[in-house]
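Biologist: I'd like to learn how to read a model like this one. Could you walk me through it, starting with a single residue?

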Amino acid sequence: MPSICLPTPNGHKTPVVFPVPSKLAKAMIVSFPPPLRLCSSFLCTNPFLYRHGSILDRGTTSKASVCLPAAAVVAPFIKDGALRINGREALTGVPENVVATYPLADSPAAFLGAVSDRKDSRHVFKLGVLRNHRLLCLFRFKIFWMVPRWGTSGSDVPFETQMLLLEVTHDLAVDGGPSRTSHDPTHYILFLPVLDGCFRSSLQGNSSDELEFCIESGDPATIESQFLESVFVNYGEDPFGLMKESMIMLEKHKGTFSVREKKEKPGILDWFGWCTWDAFYFDVHPKGIEDGLKSLSEGGTPPKFLLIDDGWQDTRNEFQKEGEPAAEGSQYGARLVSVKENYKFKGTTGGGSTGKTTSLKDFVTYVKETYRIKYVYCWHALMGYWGGVDPDAPETKKYNSKIVYPVQSPGNHSHLRDLTMDCMEKYGVGMIDPSKIFEYYDDQHSYLRSQNVDGVKVDVQNVLETIGSNNGGRVTLTRRFHQALEKSISRNFKDNSIICCMGHNTDSIYSSKVSSITRASDDYMPRNLSSQTLHVAAVTFNSIFLGEVMMPDWDMFYSLHYAAEFHATARAIGGCGVYISDKPNQHDFELLRKLVLPDGSVLRAKYPGRPTHDCLFNDPVMDGKSLLKIWNHNKLTGIVGIFNCQGAGLWPSIKVQSTAMLEETYLTGHVSPCDVEYLEDVAGDGWNGDCAVYSFTDGSLSRLPKNGSLDVSLKSLQSKLYTISPILSYNQKIQFAPIGLMKMYNSGGAIEAVDFASDLSQCLIRINGKGCGSFGAYSSIKPKICTINSTVEEFMFDHNSSLLTLIIPEGGEFWEICAFFEV
């Protein structure tokens, strides 16, 4: 007889088993005998004190309840066909086969699952009707990448949704719930489909506004009928804290991944980089790389990170014949024949006094020494190359690869096809024997290390979900490959030196224990006019989810491009690494010098850049009225960027009457200190809420209370950045707030520390930081003198705006400014 196993507080060691009759109706019909239904009719101190009855007959069961901790924590529960969360109905019409479980003690969170009368490798279960909530989804619009979607009901939830956030206002309270008033704060409900054993779940809606979850193994031989921990549900008043808290809970409970804060951050994040991809595509070669490094260095923005992208590996392509035109996409049929470099990096011209290099090592060593490059990374695919590893090549035979043909989940077919995957399905992939995968990674990475290479970018990661058949399924295979990959990275490279890419499925995200950087959107496509705003908006919203597990990577961009400043300002606030892919001698150095210091370092913000609170449920690309705002922190300041993404593109997978470009749109919005979440953490004790707000574009300085605002008008593809610096009182006379390097997009990123000292005759404010150029600060009174590194320097003070400025000369990496005031 089948049974339902519910977890107990000791972590599944002694499950409570409820038998279910063997002859059951289909999983999706109402007459399915209900499993244990959990409700919070009582409040007590033991959250795991179960009361249950036995099955009475087909289609009925005695009432069951779980006692929850007192008042402060009330977990979601199912009662009378509704999922109730914090006194509100989140879902109605909940089917009888839906199960709620509570393995997380003293938590407002729960798992939702369901039970079927049949075992299968793929199920779709209804969770209930979703209506009248503003919602934000993150879904995969094609197999490798996510984008956001907004709506108000279950029918707005796309297939392959991997995060669902609901906004619940006071007027949606239900009878029987706690009383609500108009003064109640808005609450947020978070649904995260997760990995449940060997199965992976995703959310989707249907035309009846029913929210469903699809759970699948990707292997016809891996089957199951009951799923108890498929969808994680949590709620709270702070959407960002809710996401962070939820990921920490899942990390602890599932144990398959680690959150971002626990991971080592590669050094590349703090240095300016150059990637070869959009400069050369597959035609990358040593001479071109040297030309690019030389032109950037001579322009005063020397790259310290070089990423040699696709085109350096030794491959063979049976689908491209010499002398014949190549079919579109046939490049993705190429397979790896060696872990070593191809002919272009052997015995070719490489510059320098010798005029030639004889190996990848010679070239890498030469550019490191000549252009003072700190880090060189090389690209490779998770399966070796796009078409995998050649089964017959002498140097790769030992990996026992075989040609397999990917099979996508039906959910992926609901959205856009991807040329890469289409070609992989057509030509097949040389899949390495899973028992040999660590050997391959170790061979590849140890060889690169021997060539003086410092790390790798590992691409095409989601392919694993399509080849899980006969390998234990997509989750099992993904976890096995990721464990081998991360073990090899740790063994062969310092500094956790890996960038993950094309890995926007939860199979990969929830299998990431070590990797700390992942590409957060589809490629930057310089020739695609409609993708520029989409790129910035997609990364921003994806970072709500991805940013809790890894540092989102915003991809490269062109500095000489009509949308260059739009992308540059986004990278300045994104907390990401900053790297470009300019062709040699095609650079905008005026723009780059706003991002890059003369020593090649960048002023990187602390966290992943995310949308401001008031932007979460507005479509900044297609609603015709909303601006996108992004917030972040530096050590001692906040930063807000505001972007007009309207009128320049259309989200993929949205049915519209016309795909023509929209008309140029001018919009007005506002920025405020309260746009920066947790600004009080930056300000510290004694802050009264006032801020100095510096506009990078206008060069203006304003003093605002925390809830004050400035109006901003932008046309399509325009953006503005604002440094938000809390004003602190240092005695009865002096109020001070550092702005930082005023000619840099992220001015406050230059400030490392501020402290104060005084005696009977004078007091001083000491600011420590890095970089050079025009330094600014808000000061309520004019200093008596200012010094830089103990040398008295001239300064300017504007009594109208209270702006203090002085020039920090080039030559030193770090500096100390002291402003002396008379008491």
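Modeller: Happily! This is a predicted model, and Ala 381 makes a good start. Its relative accessible area is 0%, and buried means under 20%, so Ala 381 counts as buried.

Biologist: Where does Ala 381 lie, and what does it touch?

Modeller: Ala 381 belongs to strand 27, which covers residues 375–381. Setting aside residues up to four places away in sequence, Ala 381 touches Trp 386, Val 458, Asp 459 and Val 460. Take Val 460: 79 residues separate it from Ala 381 in sequence, yet the two C-alpha atoms are 5.6 Å apart.

Biologist: How should I read a residue such as Glu 425, buried or partly exposed?

Modeller: Compare its value with the cut-offs: partly exposed covers the range between under 20% and over 50%. Glu 425 has 21% relative accessibility, so it counts as partly exposed. This residue lies in helix 5. Beyond its neighbours within four places in sequence, Glu 425 is in contact with Tyr 405, Pro 406, Gln 408 and Arg 417. From Glu 425 to Tyr 405 the C-alpha distance is 5.3 Å, with their positions 20 residues apart in sequence.

Biologist: And where is Ser 121 placed?

Modeller: Ser 121 sits in the loop between strand 11 (110–120) and strand 12 (122–129). A loop position alone doesn't settle the matter, so check the accessibility: at 16%, Ser 121 counts as buried. Its contacts, leaving out residues up to four places away, include Phe 199 and Ile 215, as well as Gly 218, Pro 220 and Ile 223.

Biologist: Which strand holds Leu 667, and which residues is it in contact with?

Modeller: Leu 667 is in strand 38, residues 666–671. With a relative accessible area of 11%, Leu 667 is buried. Apart from neighbours within four places, its contacts are Gly 624, Lys 625, Ser 626, Leu 627, Asn 644, Gln 646, Val 712, Ser 713 and Leu 714. Its C-alpha atom is 7.7 Å from that of Ser 626, which is 41 residues away along the chain.

Biologist: Let's step back to the whole chain. What share of contacts joins residues at least 24 apart?

Modeller: Among contacts between residues at least 6 apart in sequence, the share is 73%. The chain has 823 residues, 61% of which count as buried, and its secondary structure comes to 12 helices and 52 strands.

Biologist: Which residues have the most contacts inside the largest nonpolar core?

Modeller: They are Met 163, Leu 192, Met 247 and Phe 545, in a core of 190 residues. Helix 9 (residues 532–546) gives this core its largest share, nine residues. Another core, of 34 residues, lies apart from it, with Ala 100, Ala 114, Leu 164 and Ile 215 among its members. As for Leu 192, the residues it touches include Met 163, Met 247 and Phe 545.

Biologist: One last feature: how do I read a pocket?

Modeller: Rolling a probe the size of a water molecule over the atoms shows where empty space is left. Here, the largest pocket holds about 680 Å³ of space. Its lining has 31 residues, and those nearest its centre are Trp 277, Tyr 332, Thr 420, Asp 523 and Met 525. Helix 2 (277–280), helix 5 (419–427) and strand 30 (455–459) are the elements that give two or more residues to the lining.

Biologist: How many of the lining residues are charged?

Modeller: The count is 13 charged, alongside 14 nonpolar and four polar.

Terms used:
Residues are numbered from 1 along each chain as its sequence is written. This is a predicted model: local features need pLDDT of at least 70, side-chain atom pairs count only at pLDDT 80 or more; totals for chains, interfaces and linings use all residues. Side-chain values use heavy atoms; hydrogens and water are left out. Helices (H or I, at least four residues) and strands (E, at least two) are DSSP runs, numbered from the N terminus. Buried means under 20% relative accessible area, exposed over 50%, partly exposed in between (1.4 Å probe, protein chains only). Contact means heavy atoms within 4.5 Å. A nonpolar core is a set of buried Ala, Val, Leu, Ile, Met, Phe, Trp, Tyr and Cys residues joined through side-chain atoms within 4.5 Å. On a 1 Å grid over the protein atoms alone, a cavity is a set of points where a 1.4 Å probe fits but cannot get out, and a pocket is an open set with protein on both sides within 12 Å along at least five of seven lines; lining residues have an atom within 4 Å of a point. Grid points are joined across faces, edges and corners, and a volume is the space filled by probe spheres set on the points. Ala, Val, Leu, Ile, Met, Phe, Trp, Tyr, Cys and Pro count as nonpolar, Asp, Glu, Lys and Arg as charged, and the others, Gly among them, as polar.
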